[in-house]
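Hello,

Here is the structure we talked about handing over. Please open it alongside this note; what I found follows below.

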Amino acid sequence: MQSKHGLLELRSISKQFDGIPALRHVSLDLAPGQVHGLIGQNGAGKSTLIKVFGGIHRSDEGEVVLDGIAVSINSPSDARRLGIEIVHQDRLLAPTLTVAEALLLGNEPTFGPLPVLDAASMRRFTRTAVQEHFGVDIEPTQLIAELSVAEQQLVQITRALLSAPRVLVFDEPTAALARHEAEQLFTAIRKLRERGLAILYVSHYLDEIQELCDVVTVLRDGRDVARVLVADSTPQQLVAAMIGGSTAALVPVSTRRAGAPLLRVCGLSAQARFEDVSFDVRRGEIVGVTGLLGSGGKAVVRSLFGLEPGVRGHIELDGSAYVPDDPRNAVRRGIAFVPEDRRAHGIALDLPVRENISLASLKRLVRHFMIDRRREKELVQQRMDDLQVRAPGTEAPARQLSGGNQQKVVLAKWLSTRANLYLLDEPTVGVDIRAKAEIYRVIDELAAQGAAVLLFSTDLIELQGITDRILILARGTLVQELVSKETTHQEILGWASAAGASSTLDRETVQA
Ligand SMILES: Nc1ncnc2c1ncn2[C@@H]1O[C@H](COP(=O)(O)OP(=O)(O)OP(=O)(O)O)[C@@H](O)[C@H]1O
Ligand SMILES: [Mg+2]
C-alpha cells in the first residue's frame, strides 16, 4: 500500500460506560481513496468507536484529527459539517416519513444546484437518487415503515451520500441485504473510493472484507489488536485476531434422532408468494428452508406463525389441525418464532436484559401467583452464558448492548420458551463467529430434547452444517428437498437458482 496521508485520524481514543471500558487507546487512520475494514466480535467496540467521531459519544481520552488538525465533534451535525457521514447499524429513519421526506429532511441546504421544494421535484429527485446509486426503484411517496429492511438501508445510504461527504462510514450495512443488493452496494462503494472518499466499513462477513477492503483493523475487547493489509492476510488469521486464539469448530457434533412427525404441511399456498408447498418436520429434526430473495421460502416459514395473510392449505400440528392466522394462537399451540428483523420486532430497548429474556417464559416462572425471581435469574443467567451475551449485567437496559448482543437476547428469549416447534428466520445474521457456534449448539439441543425446528437461512455453511434436510424454494414453488449430509453448496445454489434469479420477483420478498 502506498502510505496515504490520513484524512481522518483517531489517536488513542478511550471510552468508558459506567466505569466499564468499551474502548482502550484505539487508533485508526482513514486515508482518502481507501476502504478500511473494521472487524471484531459482538461488543468489541466497533459501533462505539464510530459514535465517538460521529458526535454521538464523547471520548474520555484521545483526539480526532481531520486533515492534520485536531477537531472537536460534539454532535452529529458537527460531524456532518466536517464531511463525515455515518450509516448507523441501528436504523434511524423515522417510520412515519415518506421516502422523499426521509431523504431530504435536513439535507435541503446542501443541494446546491438542486432547489428541491415542491412535492413533484422531491419525488423525481428521490427516484433518481436511489436509482442512480443502487439501480433499485423505490416509490418516493411510500412510508419508511412500509419498506423492507433492505430498502430502508438503501434509503439511508442514499441519504448519507447526498451531502457529498469526504468520510463515509458503514456499520454492518449488509446484515439486512440479500446478496445481489450487497453487490450493488459494493459497486457503489468502489465508485466512491475512486472518487477519493475515505471509507470505513464494519462487517462480520470476512468474505466481504476481503472483497472490498484495502486495510483492516481488528478490535478485541476495546483494543486495536491488529492492523493488516487485506492482500497479505487470510480469513483464518483475521478470525484468530478477533477471538485471540484458535477457532473452535463451528458446527456441533450431534446425536439427535428424529421422532414422530410434529408438523405436517399439505398444499400450503399464499397468493403471489408461494404455491402448493408440502412437507413434514419431525420431532428431533432440524429442517432448513432456503431460496433466493423472492423465492417464497422466508414467507413459508413466517406464514406458519400467522404472519402472512391469505394462507390456504392444510396443516397438522402435533396430531390436530392448525390454522396459522394469528401469532397469539401460534404461541398457544407451542410455536416460537425468531424474526430476522429483531431490532424492530424482537426487543424492548428500554427494558432490562432480564425481562427481555424472561418475558416469553413468565408462565413457567410463576409459583403461587408470583414470579419466582430466583428461578427467573437462574434461567436468564443460564441463557446469557449459553449464548455468551455480553452485557453490563442482567439489569442493564437492552439499549446499552451492542447490536449483535441485542440479537442474542432475542434469541435467548425464544429459546427459553420450551416450544414444540421453533421457526427461525436467519438466526445468526449480525452475530459473530463464536456466538454463531453457541447458537448452533442451542438449536441442536432444542431438537435433541424433542422439538422440531424449521429454519430459513441463506447461509450455506449454516444450512448444511446444522440441518438434517433442506427444502429449496424457487419462484414460490418447492423445487427440491436435499439430505444435508449428502449435498454440496453448489447443488443447493443450483436448485435455488434453477428457475432463474429474476429481479422482478425481488419486490415480492421484500414484503415477505
Ligand atoms: N450506551 C451504552 N451504555 C453502556 N454500555 C454501552 C453503551 N453502548 C455500548 N456499550 C457497551 O460497549 C461495548 C461495545 O459495544 P459496541 O456497540 O461498540 O460493540 P460492537 O463492536 O459494535 O458489537 P456488534 O458487532 O454486536 O455491533 C459493549 O460491551 C456494550 O455493551
Ligand atoms: Mg455494533
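Strand E3 (residues 34-39) runs parallel to strand E8 (residues 198-202), and 5 bridges join the two. Gly37 of E3 sits opposite Tyr201 in E8. E3 also runs parallel to strand E9 (residues 215-220), this time through 4 bridges. Gly37 turns up again there: its bridge partner in E9 is Val216. Please keep in mind throughout that this is a predicted model.

E3 is mostly covered, with 6 of its 6 residues buried. Gln34, His36 and Leu38 point one way from the strand. Val35, Gly37 and Ile39 point the other way. Residues on both sides are buried.

Now to the partner strand. Ile199 lies in E8. Is Ile199 buried or exposed? The cut-off for buried is 20 or more other C-beta atoms within 10 Å. Ile199 has 24 C-beta neighbours inside 10 Å, so it counts as buried. Setting aside neighbours within four places in sequence, Ile199 is in contact with Val35, His36, Leu168, Ile189, Leu192 and Arg193. Val35 and His36 are among the buried residues of E3. The C-alpha atoms of Ile199 and Leu30 are separated by 7.1 Å, although the two residues are 169 apart along the chain.

Another parallel pair: strand E6 (residues 84-87) and strand E7 (residues 167-171) are paired over 4 bridges. Ile86 of E6 has Val169 of E7 as its bridge partner. Ile84 and Ile86 point one way from E6, while Glu85 and Val87 point the other way. These four residues are buried, Glu85 included.

There is antiparallel pairing too. An open sheet of 4 strands has the order E12-E11-E14-E15, and its pairing is antiparallel. Its edge strands are E12 (274-282) and E15 (320-321), each of which pairs on one side only. E15 is joined to strand E14 (residues 311-317) by 2 bridges. Within that pair, Leu317 stands opposite Ser320 in E15.

Next, the ligand. What surrounds ligand 1? The shell has 20 residues, and the closest are Asn42, Ser47, Thr48, Ser402 and Gly404. Two elements give two or more residues each to this shell: helix H1 (46-53) and helix H15 (403-415). By type, the shell divides into 6 nonpolar, 12 polar and 2 charged residues. Domain 1 (8-243) and domain 3 (342-417) each supply at least three residues to the shell.

H15 deserves its own look. Of its 13 residues, 13 are buried, so the helix is largely enclosed by the rest of the structure. Its length checks out as well. At 1.5 Å a residue, H15 should span 18 Å, and its end C-alpha atoms are 19 Å apart, which agrees.

Helix H5 (residues 149-162) passes the length check too. It has 14 residues and reaches 20 Å from first C-alpha to last, close to the 20 Å expected at 1.5 Å a residue. Buried residues in H5 include Ala150, Leu154, Val155 and Ile157. Glu151 and Arg159 are also buried there.

A few backbone spots to look at:

- Ala164, just after H5, takes a positive phi of about 50°.
- Asp221 has a positive phi of about 50° and is not a glycine. It sits in the loop between E9 and strand E10 (223-229). With 16 other C-beta atoms within 10 Å, Asp221 is partly exposed.
- Gln388 has a phi near 50°, again positive in a residue other than glycine. Its place is the loop between helix H14 (373-386) and H15. With 17 other C-beta atoms within 10 Å, Gln388 is partly exposed.

Last, the overall numbers. The protein chain has 19 helices and 22 strands. Of its 512 residues, 45% count as buried. Among contacts between residues at least 6 apart in sequence, 70% join residues at least 24 apart.

Best wishes

Technical notes:
Residues numbered from 1 in each chain as written. Chains lettered and ligands numbered in written order. Predicted model: local features only at pLDDT ≥ 70, side-chain atom pairs only at ≥ 80, totals over all residues. Near = placed C-beta within 6 Å. Nonpolar A, V, L, I, M, F, W, Y, C, P; charged D, E, K, R; others polar. Domains from an automatic or database assignment. Expected span 1.5 Å × (residues − 1). Buried ≥ 20, exposed ≤ 12 C-beta atoms within 10 Å, placed from the backbone. Pairing = 2+ DSSP bridges. Contact = placed C-beta atoms within 7 Å.
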